[in-house]
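This report concerns selected local features of a single protein model. Please consult the sequence and the coordinates alongside the text.

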Amino acid sequence: MSLSSGQPRCGRPCAPSGVRSTSRDDVIGKVCLTRDTLAAHPKGFSGWAHLTEVDPDEEVQGEIHLRLEVVPGARACRLRCSVLEARDLAPKDRNGASDPFVRVRYNGRTQETSIVKKSCYPRWNETFEFELEAGATEALCVEAWDWDLVSRNDFLGKVVFNVQRLWAAQQEEGWFRLQPDQSKSRREEGNLGSLQLEVRLQDETVLPSGCYQPLVQLLCREVKLGTQGPVQLIPLIEEMTSTDRRQEVATNLLKLFLGQGLAKEFLDLLFQLELGRTSEANTLFRSNSLASKSMESFLKVAGMRYLHGVLGPIIDRIFEEKKYVELDPSKVEVKDVGCSGLHRPQTEAEVLEQSAQTLRAHLGALLSALCRSVRACPAVIRATFRQLFQRVRERFPSPQHQNVPFIAVTSFLCLRFFSPAIMAPKLFHLRERHADARTSRTLLLLAKAVQNVGNMDTPASRAKEAWMEPLQPTVHQGVAQLKDFITKLVDIEEKEELDLQRALSLQAPPVKEGPLFIHRTKGKGPLMSSSFKKLYFSLTTEALSFAKTPSSKKCAFIKLANIRAAEKVEEKSFGSSHVMQVIYMDDAGQSQTAYLQCKCVNELNQWLSALRKVSINNTGLLGSYHPGVFRGDKWSCCHQKDKTDLGCDKTRSQVTLQEWNDPLDHDLEAQLIYRHLLGMETALREKHHKLSTDTEAGLVPTGPGEAPEDPLAQLLRVLQDLREAHRGSPAGSAPVEPNRLLELQT
């Protein structure tokens, strides 16, 4: 990854020098983290990484297709190197392409291919031969270069081959990734500054679903039995999971049970366990217990669309207004608020009053939107809050605790869901960018007000910050509104819950939506011109459709089942680095391509990821494509004249982003849970040994009849079986693919 000054632009992290435009970003430096570095930090790399100098000879990308042969000659064997083609080379010229040629070096001799102008996907099909001496140790070096008429040629990458290995193999052909030239001495690290990063790589091999069924069934049976089970596996997992891993494990368990239709039962079990060990009502769900973490994850997984519907318009308004808001007299800066209509600076009192009015308006709008949202709240969330409300009321039935069930609900809904989303809307996908300092302060004050409402306006919450007093009337009124809302929210019967779930399942919510620019071509021949027209696109699990505005009637554009590929387009094709192409079959069975332009590189990657995910199971997905356009009589990328040519670059249908609205991957969640349990296997065995010893000594009652089945012993056997399955895939199973997740936070 590289750090640039100015606005972010499209470019590959490994090739900052490949981005070209009339006014280019200036690259400050880069940070490189190898796979070995990430593997050495299983919990993730977190810290400051030194920026290093960007050397053009190290910033390479792409692959080259070579065929190498050892052929017999009259006097000695000869080494034959066929340079066939290359793909995805770094664009080194200002036109967004390169003028590549290949230089082949062996045993003091150098030979070069012809130059292919303006292409990052050249085809040469040229062959070179070298005399091969027996026992020769020199390597064969194949280098790709960008030819320049005036300045020196730019290095594009190289591949080095061991000739002895080639001699033994006699022939080798394939695509080889171009490697950088790292022979130069480096500038001392630290001179260019540092970048703070949090990076984590998860490399998991996910087995076929059947391998995880015993583990899933064992955990599901425990949840169904609830607190009546013999040996509690869930409490054991909580007890043996460190605090820093608890959120991750809670999320994995929650997603697993959500996929099994047991999220409500799982959370209810955790509620009972938490209530059983809580004696003081004011400490309920205040710790980082498995119940608290699981409920947080549950709301984020099941309630994100609901959150967007309630909070979205209010957050957008705050960002658009950019008003200066401050209630703390010690922090008021009169100079930041401008002047009144009389062209005099506002007084501190005026600033405080205007700020209070603004916050009261935002808080009132939020509470009104919340109260109107009962029917919009997902049925599974309502049913879970009903269980929570009832369990807490049963545990604290006295009149002095009449607000405790309401506070239990708001501790999650307001304090752990709405308030964090208000303070950091980007992290909850409400905004594309973080707020500036002024907007952040407004959001923080609004979040504090929501917390006071969620705490039911207790004296303790009021005493913390006395300067919040101007909001007190709205907060007091909000408490009554919130209690009425919760009463209606938890008033849901099982039949109504099923009806709401059925109704929601019939609706196909958009996977991705927003404005895009569609390419239009006008005229024919040399007078042909092109432009992009702005339309509002919506991607569902059925089709990609568009309309003139978000509220206009949508027209079906591309049926989902007809999509064959979704890929990037070369920058030089349209003079923009944010264009993608959707290749699809029309109703007549003909291949068509739609070119769509996004507003930024992040939006481009999000659309590509969404399109690839919804079409991943389509039949007839393409393995190759053209990253350019067919203009005139040839493809702009590889210069081939056959319009039906298969393509000069490979498709990347498996390369996607991890998004909050991704469908659940049950097998991946089961694998992650297995991996966590494997890390505590020794502690589980010690616990099982202790329980077995206590049972034999009569310290643990077993009841009449046969001894109850031991879930912990079953769990240990399941872990052993999964370990064996990972060592060698079961006979007859499909090849197992690794699942790699890379998390990056700057």
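The following paragraphs treat a helix, a sheet and a loop residue of this predicted model.

Helix α17 comprises 14 residues, 601-614. From its first C-alpha to its last, α17 reaches 20 Å, which is close to the 20 Å expected at 1.5 Å a residue. Ten of the 14 residues are buried, so α17 is largely enclosed by the rest of the structure. Among the buried residues are Trp607, Leu608, Ser609, Ala610, Leu611 and Arg612; Glu603 also belongs to the buried set.

A second element is an open sheet of four strands, with antiparallel pairing and the order β8-β5-β4-β11. Strands β8 and β11 stand at the edges and each has a single partner strand, so one side of each is left without a neighbour in the sheet. From one strand to the next, the twist averages 20°. Strands β4 and β11 run antiparallel and are joined by seven bridges. Within this pairing, Glu63 has Arg177 of β11 as its bridge partner.

The residue ranges of three strands of the sheet are listed below.

| Strand | Residues |
|---|---|
| β4 | residues 63-71 |
| β8 | residues 123-131 |
| β11 | residues 171-177 |

The loop between α6 (263-276) and α7 (290-302) contains Arg286. Its relative accessibility is 40%, so Arg286 counts as partly exposed. Which residues does Arg286 touch, not counting residues up to four places away in sequence? The contacts are Ile407, Leu415, Arg416 and Asn455. Arg286 also lies 9.8 Å from Phe412, C-alpha to C-alpha, although the two are 126 residues apart in sequence.

How values were computed. Residues are numbered from 1 along each chain as its sequence is written. This is a predicted model: local features need pLDDT of at least 70, side-chain atom pairs count only at pLDDT 80 or more; totals for chains, interfaces and linings use all residues. Side-chain values use heavy atoms; hydrogens and water are left out. Helices (H or I, at least four residues) and strands (E, at least two) are DSSP runs, numbered from the N terminus. The expected span of a helix is 1.5 Å times one less than its number of residues. Buried means under 20% relative accessible area, exposed over 50%, partly exposed in between (1.4 Å probe, protein chains only). Two strands pair if DSSP finds at least two bridges between them. Axes are lines fitted to C-alpha atoms, for helices over the stretch in contact, and angles run from 0 to 180 degrees between N-to-C directions. Contact means heavy atoms within 4.5 Å.
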